[in-house]
Amino acid sequence: MESKPFSTKDRMVVVYTTAENSSLRLSKTDNLKFKELKQPTEKQVCVFVNPLKTFQTLLGIGGAISDASAEVFAKLSKEKQQELLNAYYSSDKGIGYSLMRTNINSCDFSSDRYTYIKEGDKSLKTFNIDHDRKYRIPMIKRATATAGGKMTLYVSPWSAPAFMKSNNDLLQGGSLLAEYYQPWANYYSKFIKAYEKEGIPIWGLTLQNEPMAIQRWESCIYTAEEERDFLKNYLGPTLAKEGLGDKKIIVWDHNRDLMNQRADVIFSDPDASKYAWGLGFHWYETWAGGKPMFENVGKVHEAYPSKNLIFTEGCVEKFDASKYQFWANGVRYGTSMINDFNNGTVAWTDWNILLDENGGPNHVGNFCFAPVHGDTKTGELIYTPSYYYIGHFSKFIRPNAKRVSTVVSRDSLLSTSFINSNGKMVTVVMNQSNEKVVYNLCIGTQATEVSILPNAIQTLVY
């Protein structure tokens, strides 16, 4: 059955706002009606939404349950634990996360370094996930239950066990030794099966977190050719042979700066490309002092339209408790999400959903922000602007929504729109200026006038 074309007739526009220097946090601020506006003038600021032009389908929006998040969660009172689960995973009480990432072996946001085997066990006979049963698995299960029993979960390794690597260390980079390509491929399969045996379905995996970063924490380097060959000759065939061929494999999982080169090398090889569902990317390319490279995302999408793009990690670095309410941190999320979606991204994943009052735990002192912090001294939860900015998308734009053409007439505004499978249109608008802006939301010859506060984000549902 053909769905009816979108019509503004009898539709109310419900506006939700989060604004700096105000008490508005995902607050309902307006109920508006459409009226005729045949030809906007140059002086009228407009957001043009064209429901006839649709693009990618949304897989989901969410964040990572790392060891750190699960350890902080375990220290909260029962009441605060439930509050946090509702805040993230309930679509009516909270912001309705539907996507989740977690780590294979330890990462920097773990209290200590660990793997799931005894060091040197290349046959993987000692493989077990007992470590994760203490904090992480229980939290993942509770989050999934709060989300209604369904969660799209993918997993990422930061490093292979030390003996499998050229530097014989979990940390400080190093690369996978050729003789361990097969045992390491088997390791992913064992991890996925172990989690699924616990009743936690795994939707997909990234091949390697940040394969070009030599970090003082868990890291492992793959050139584009090495990643391509490991995928094509080991990981892809191994998962297929183990009955896990339906798991979605994501390559790259690193910053936007080099994503196009990685896509070219892997996706132009048909034998490797057939195993790759898509490419994941992070937002930390700004470490070099430049601006985010949003256009690179669009360039990969343009070159490889059949491949999926997924934002796999972003957080605000360098924790500082005096900046819990620093507005620019939220703005960074909103700016990235709108640009990434408008460039073809199908899913967006924040990093740790919860950290403590020090921005950890992190076993190498790489303390960062999360959208929510749990103060383990006072037992309180601290919600930052980032939480509300993400919520303007995740609460209203649901899995299977389709992105709809949206264009702004002034650079003070940023905007994206999606139509949900229930027929509700959602337009997110950000005001990047220090002035209030009055704009028209225009659909064909129908429009409604909306006012947005300085440095604010709005979601319009209609």
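A crossing is right-handed if the near helix is turned clockwise from the far one by less than a right angle, and left-handed if anticlockwise. This is a predicted model, in which local features need pLDDT of at least 70, side-chain atom pairs count only at pLDDT 80 or more, and totals for chains, interfaces and linings use all residues. Residues are numbered from 1 along each chain as its sequence is written, and side-chain values use heavy atoms, without hydrogens and water.

**View A. Helix 6 packs with helix 7.** Helices (H or I, at least four residues) and strands (E, at least two) are DSSP runs, numbered from the N terminus. Helix 6 spans residues 224-241 and helix 7 residues 259-267. Their axes, lines fitted to C-alpha atoms over the stretch in contact, lie 9 Å apart at an angle of about 40°. The two helices are therefore oblique to each other (neither under 35, over 145 nor 65 to 115 degrees, on a scale from 0 to 180 between N-to-C directions). Their crossing is right-handed. Ala224, Glu225, Glu227, Arg228 and Leu231 of helix 6 meet Gln261, Arg262, Val265 and Ile266 of helix 7 (heavy atoms within 4.5 Å).

**View B. Asn21 and Leu26 sit in the loop between strand 1 and strand 2.** Strand 1 covers 12-19 and strand 2 covers 27-33. Most residues other than glycine have a negative phi. Asn21 has a positive phi, near 55°. Phi of Leu26 is also positive, about 50°. Asn21 is exposed, at 77% relative accessibility, whereas Leu26 is buried, at 18% (buried is under 20%, exposed over 50%, with a 1.4 Å probe and protein chains only).

**View C. A cis peptide bond joins Gly360 to Pro361.** Omega is near 0°. Pro361 lies in the loop between strand 13 (354-356) and strand 14 (372-374).
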